[in-house]
Amino acid sequence: VQLQAFGGGLVQAGGSLRLSCAASGRTFSSYTMGWFRRAPGQEREFVATISWGGGSTHYADSVKGRFTISRDNAKNTVYLQMNSLKPEDTADYYCAADTMGGSSWRAYDYWGQGTLVTVSS
């Protein structure tokens, strides 16, 4: 599966952005999808994941209550709605797909390119 993430940009603290990740291929609905991020000089970290059917979601503590992951299998797209953004959310955001998934980036076989989110204070 090929993934393409988009929707990043510059936003003020407290603002919102919605990231999208479009997938190619007929088996999108078979994959657990995840969002990860990498801030400058830091390790890639888990943000959120959603099961193949959308019934199960998990979030990093740092984004819980502010970010929402969702998916539309008919459109082969996964979303990350980000509200109440903070400067510390500034990072490159990546979507990823795997048949198993989880919170470890090492578990994911397929990755999209990053989309940069910058939150100004």
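1. Start with strand E1, residues 3-6, in this predicted model. Its side chains alternate. Leu3 and Ala5 are buried and point to one face, while Gln4 and Phe6 point to the other and are not buried. If you're new to the structure, this short stretch is an easy place to get your bearings.

2. Next, follow the pairing outwards from E1. E1 runs antiparallel to strand E3 (residues 17-23), and four bridges join the two. Look for Phe6, which stands opposite Ser20 in E3. E3 is also joined to E8, again antiparallel, by six bridges. Here Arg18 is the residue to find, standing opposite Gln81 in E8.

3. What about E8 itself, residues 77-82: how many of its six residues are buried? Five are, so to speak, tucked away, and the strand is mostly covered. Strand E7 (residues 67-72) runs antiparallel to E8, with six bridges between them. In that pairing Arg71 stands opposite Val78. The hairpin of E7 and E8 has four residues between the strands, and Asn76 takes a positive phi there, near 55°.

4. Now the disulfide; the structure holds one. Cys21 is joined to Cys95, with 2.1 Å from S to S. The link is right-handed, with 60° about the S-S bond. Why does this pair tie together parts that are 74 residues apart in sequence? Because Cys21 lies in strand E3 and Cys95 in strand E9 (residues 91-98). Both ends are covered as well: Cys21 is buried at 0% relative accessible area, and Cys95 counts as buried, also at 0%.

5. Arg66 deserves a look of its own. You'll find Arg66 in the loop between strand E6 (57-59) and E7. Is Arg66 buried or exposed? Its relative accessible area is 11%, and the cut-off for buried is under 20%, so Arg66 is buried. Its side chain makes a polar contact with the side chain of Asp89, at 2.7 Å. Setting aside neighbours within four places in sequence, Arg66 is in contact with Gln81, Met82, Asn83, Ser84, Leu85, Lys86 and Asp89.

6. For a contrast, go to Asp109, in the loop between E9 and strand E10 (110-111). Asp109 is exposed, with a relative accessible area of 57%. Not counting residues up to four places away in sequence, Asp109 touches Ala97 and Asp98. One thing to check on screen is the distance to Val119: 10 residues apart in sequence, yet 29 Å apart in space, C-alpha to C-alpha.

7. Last, the inside. Which residues of the largest nonpolar core touch the most other members? Of its 34 residues, they are Met33, Trp35, Leu80, Met82 and Tyr93. Several strands each supply at least two residues of this core: E1, E3, E4 (32-38), E5 (45-50), E7, E8, E9 and E11 (115-120). E9 gives the largest share, five residues. As general background, nonpolar side chains tend to be buried together in soluble globular proteins.

8. Met33 makes a good closing stop. Leaving aside neighbours within four places in sequence, its contacts include Leu3, Cys21, Ile69, Arg71 and Val78. Some of these have come up already: Leu3 is one of the buried residues of E1, Cys21 is half of the disulfide, and Arg71 stands opposite Val78. Among the other contacts of Met33 are Phe28, Ala48, Ala96 and Tyr108.

Methods. Residues numbered from 1 in each chain as written. Predicted model: local features only at pLDDT ≥ 70, side-chain atom pairs only at ≥ 80, totals over all residues. Heavy atoms only, no water. Buried < 20%, exposed > 50% of the residue type's maximum accessible area, 1.4 Å probe, protein only. Pairing = 2+ DSSP bridges. Disulfide = S-S within 2.5 Å. Polar contact = N/O pair within 3.5 Å; in protein donor to acceptor, adjacent residues only side chain to side chain. Contact = heavy atoms within 4.5 Å. Core = buried A, V, L, I, M, F, W, Y, C linked by side-chain atoms within 4.5 Å.
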